[in-house]
Amino acid sequence: AGYYLNGGACSPCTTNSWCIAGAVNACPSNTLSSALSSSQNQCLCAPGYFGNGSRTGTSPCPLCTSGSYCAGGNNDLITACSVNFTSPAGSSLVSSCLCKPGYKSADVIRCVMCVSSEVCFNGMITQCPANSLAPPGSSNIASCACLPGFYGANGGVCVQCPLNSVCTGGSAKLPCAVNAVSPVQSINASACYCDKGYQGVENSTCTPCPANTWCWTGILNQCPPNTSSPAMSNYIKNCLCIPGFTAVNGS
């Protein structure tokens with residue numbers, strides 16, 4: 001046992017095989033044996049595989065499943081990674097267990113969920129671009145969306161919302177209504193108000209200010225008594241005394 005007949009001489013059984021009754025037999029797939037092995041049960045699962053070679057009729061050892069590591073051997077040696085860790089299929093060492101997507105290393109034995117400004121993959125932490133955030137536990141930079149007041153492609157550069165526009169977050173940039181204006185970095189439609197000489201607020205339709213009134217920031221104001229103004233006036237001093245009356249303009 002442990003030798004095979006080789007041209008009339010007995011030769012030592014080589015590694016990854018087993019020899020009995022003068023014959024040499026290959027170990028099953030994914031198993032290893034030392035030289036001079038004489039039983040199939042001495043064919044042990046290779047690192048990265050698991051199984052029990054002591055059973056009668058040893059079959060090939062299956063690949064170690066993801067989220068685990070397998071040192072190899074003869075006793076179904078498959079060990080699960082710690083909670084919130086994972087590993088690729090076929091892993092053989094505990095060092096193959098890394099934080100699962102969306103988690104980061106807190107210490108050598110703990111993985112914690114990534115916060116909203118981070119993206120975590122394989123234990124590596126990437127910060128979201130400026131003025132963007134991702135949901136907690138994100139694992140892809142494309143999860144980083146621009147904050148309200150900014151716009152841009154997910155995971156890319158976020159640009160400040162320009163004048164006369166509204167940016168609710170993400171890639172959206174919406175113009176204010178015709179003849180309406182808004183300051184930079186506006187986050188909703190209520191920031192749009194009608195331009196000088198028009199009435200209307202919160203991005204409503206802008207209509208020209210009628211005669212004898214004046215409109216500023218979308219608000220319609222009446223001229224003082226005994227004064228008049230042309231349509232689309234935008235300042236109280238546009239209200240002038242009617243014939244027969246006098247005063248400082250706007251009084």
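## A hairpin turn, fourteen disulfides and an extended chain

With a relative accessibility of 34%, Thr-217 falls between the limits for buried and exposed residues, 20% and 50%, and so counts as partly exposed. The model in which Thr-217 sits is a predicted one, and this residue is a convenient place to enter it. Thr-217 lies in the loop between β25 (213–216) and β26 (219–222), and its phi is positive, about 55°, although the residue is not a glycine. As background, most residues other than glycine have a negative phi.

The two strands on either side of this loop belong together, since β25 and β26 form a hairpin with 2 residues between them, and Thr-217 is in its turn. The pairing of β25 with β26 is antiparallel and runs over 4 bridges. Within it, Cys-215 is placed opposite Leu-220 of β26. In a regular strand, side chains alternate between the two faces of the sheet.

A positive phi of this kind is also found at Ala-21, where the value is near 55° in a residue that is not a glycine. Ala-21 is located in the loop between β3 (17–20) and β4. Which class of accessibility does Ala-21 belong to, buried, partly exposed or exposed? Ala-21 is exposed, because its relative accessible area of 79% is over the 50% that the term requires.

Turning to the cysteines, how many disulfides does a search of the whole structure find? The search finds 14, each of them, in general terms, a covalent bond between the sulfur atoms of two cysteines. One of these disulfides joins Cys-27 to Cys-43, with the two sulfur atoms 2.0 Å apart, and with a torsion of -70° about the S-S bond this link is left-handed. The bond connects distant parts of the chain, 16 residues apart, for Cys-27 is in the loop between β4 (23–26) and β5 (31–32), whereas Cys-43 is in the loop between β5 and β6 (44–45). Cys-27 and Cys-43 are both buried.

Another disulfide is formed by Cys-64 and Cys-70, whose sulfur atoms are 2.1 Å apart. Is the link of Cys-64 and Cys-70 left-handed or right-handed? The torsion about its S-S bond is about 80°, and the disulfide is therefore right-handed. Cys-64 counts as buried because its relative accessibility is 1%, and Cys-70 is likewise buried, with a relative accessible area of 0%.

Further along the chain, Cys-146 is joined to Cys-158 by a disulfide with an S to S distance of 2.1 Å. Because the torsion about the S-S bond is about -95°, the disulfide of Cys-146 and Cys-158 is left-handed. This pair, too, links distant parts of the chain, with Cys-146 in strand β16 (residues 145–146) and Cys-158 in the loop between β17 (150–151) and β18 (159–160), 12 residues apart. Cys-146 counts as buried at 4% relative accessibility, and Cys-158, at 10%, counts as buried as well.

Two further cysteines, Cys-10 and Cys-241, call for a separate account. Why is the sulfur of Cys-10 not bonded to that of Cys-19? The sulfur in Cys-19 is the closest cysteine sulfur to that of Cys-10, but at 10 Å it is too far for a bond, because a disulfide requires sulfur atoms within 2.5 Å. Cys-10 is exposed, its relative accessible area being 60%. For Cys-241 the closest cysteine sulfur is in Cys-239, and the separation of 10.0 Å is again too far for a bond. Cys-241 counts as partly exposed, with a relative accessibility of 26%.

These local features can now be set within the chain as a whole. Its secondary structure comes to 0 helices and 28 strands. How does the radius of gyration of the chain relate to the value for a compact globule of 251 residues? Such a globule would have a radius near 18 Å, but the chain has 39 Å. Taken along the principal axes, the box filled by the C-alpha atoms is roughly 140 × 35 × 25 Å. Of the contacts in the chain with a separation of 6 or more, 19% are between residues 24 or more positions apart. Buried residues make up 33% of the 251 in the chain, and the chain exposes about 13,500 Å², of which carbon and sulfur atoms supply 59%.

Technical notes. Residues numbered from 1 in each chain as written. Predicted model: local features only at pLDDT ≥ 70, side-chain atom pairs only at ≥ 80, totals over all residues. Heavy atoms only, no water. Buried < 20%, exposed > 50% of the residue type's maximum accessible area, 1.4 Å probe, protein only. Pairing = 2+ DSSP bridges. Rg over C-alpha atoms; globule rule 2.2 N^0.38 Å. Contact = heavy atoms within 4.5 Å. Areas by Shrake-Rupley, 256 points an atom, 1.4 Å probe, with all protein chains shown as cover.
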